[in-house]
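User: I'd like to get better at reading helix packing and cavities. Can you walk me through an example?

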Amino acid sequence: MKDRAARIRTGTLPKAPQVSGDPRIHTDLAYLRSLEGPARGLSFLPRQPAQSVLNGRHASRLRGRGLNFEELRDYLPGDDIRAIDWKVTARTGTPHVRVMTEERDRPALLVVDQRMSMFFGTKRSMKSVTAAEAAAMTAFRILDQGDRVGGIVFGDELLAEIRPQRSRAALNRFLTALADANALLHAEAPNVPPLGLTQVLRAVARIASRNHLIVVLSDFDGIDAETDRIVSGLARHNDLILVPVTDPSAGELPKGMRLIVTDGELQAEIDTDAPGARHGLIEMSKGRLADVLDWQRRFGVAVLPLSAGEETLPQMRRLLGLGPR
């Protein structure tokens, strides 16, 4: 446990074992870098198409980049009357306007779950792969928009922090951490208590105190009352986008399967033919998504649900209100 705490504190990653070459199971740095081209056309700027889940009518209005005060000057014909400073105008007797300039960028923090609960998939790919693909494409687009980008990549035993910067070097560090964390997921991984989402969100709140774009890609396993409180605080001072990554089995778990489930300490085998077993597992999975959707209702966060059973890019384009490509 002491060694585990040290790794979480420093963000260093243990050496990954030899992983499968199957891109549905594991991703790698070369593949993540190749997603720069497909990511073109996505947008996470405040102004969104009407069909986008980020549009204001979905109770998830993006604040966007902030405004800085530039100067106070005399009103000129053609100036927006909404910019008139009425207090100064009343004091001086002549119309004055406040000139504001848009901040050059808005720092973005991408929080990507690569815990063992994400190492699961029944159709197209593992949830961990879908989350990594979406995070990589989002990172490319944010940097291309001129904003700073960084991230937190976390697994059961690790938490790697990359502070937001407007540089390819920072983006490459993020993609490298993502590929390394993904490579650590394998069937023989040590059975350890998983890193809680609440602990990760505390780190997010420390880095992104306000005016950040925060994107959390996770299956949201292990949320609790404190998670609820932290999400509320993050949403109050930042643009918060939650991306619950699910598997098709969340709605239709096949019969005749024998599953090994664990809470990080104990494990049990479940026969899906057993009375009530399939119903209980499905309800548990749906409950997580219901919690996330409740945050959307209560805190005004944006929610972009992704399925590991479909290709990632078409889903993102659809959710962002963009046509097929």
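User: Let's start with helices α5 and α6: at what angle do they pack, and how far apart are their axes?

Analyst: The general idea first: a pair of packed helices is described by the angle between the axes and the distance between them. Keep in mind that this is a predicted model. Here, α5 (residues 127-144) and α6 (residues 168-183) pack at about 180 degrees, with axes 11 Å apart. Angles over 145 degrees count as roughly antiparallel, so that is how α5 runs relative to α6.

User: Which residues in α5 and α6 meet?

Analyst: A helix has 3.6 residues a turn, so residues three or four places apart point the same way. On the α5 side, look for S128, V129, A132, A135, A136, A139, F140 and L143. They meet R168, L171, F174, L175, L178 and N182 in α6. By type, this contact has 11 nonpolar residues, 2 polar and 1 charged.

User: How many cavities of 30 Å³ or more are there in the whole structure?

Analyst: The search finds 1, with a volume of about 60 Å³. Its lining consists of F44, A134, T138, V215, L217, V243, L304, L306 and M316. Helix α5 turns up again here: α5 and β6 (213-218) are the elements giving two or more residues to that lining. The lining has 8 nonpolar residues, 1 polar and no charged ones.

User: And what do the buried residues of α7 pack against?

Analyst: Helix α7 (residues 197-207) has L197, T198, V200, L201, A203, V204 and I207 buried. These pack against β3 (108-113), β4 (149-154), β5 (159-165), β6 and α8 (225-237).

Notes:
Residues numbered from 1 in each chain as written. Predicted model: local features only at pLDDT ≥ 70, side-chain atom pairs only at ≥ 80, totals over all residues. Heavy atoms only, no water. Axes fitted to C-alpha atoms, helices over the stretch in contact; angles between N-to-C directions. Helix = DSSP H or I, 4+ residues; strand = E, 2+ residues; numbered from the N terminus. Parallel < 35°, antiparallel > 145°, perpendicular 65-115°, else oblique. Contact = heavy atoms within 4.5 Å. Nonpolar A, V, L, I, M, F, W, Y, C, P; charged D, E, K, R; others polar. 1 Å grid on protein atoms, 1.4 Å probe; cavity = no way out; pocket = protein on both sides within 12 Å on 5 of 7 lines; lining within 4 Å. Points joined across faces, edges and corners; volume = space filled by probe spheres on them. Buried < 20%, exposed > 50% of the residue type's maximum accessible area, 1.4 Å probe, protein only.
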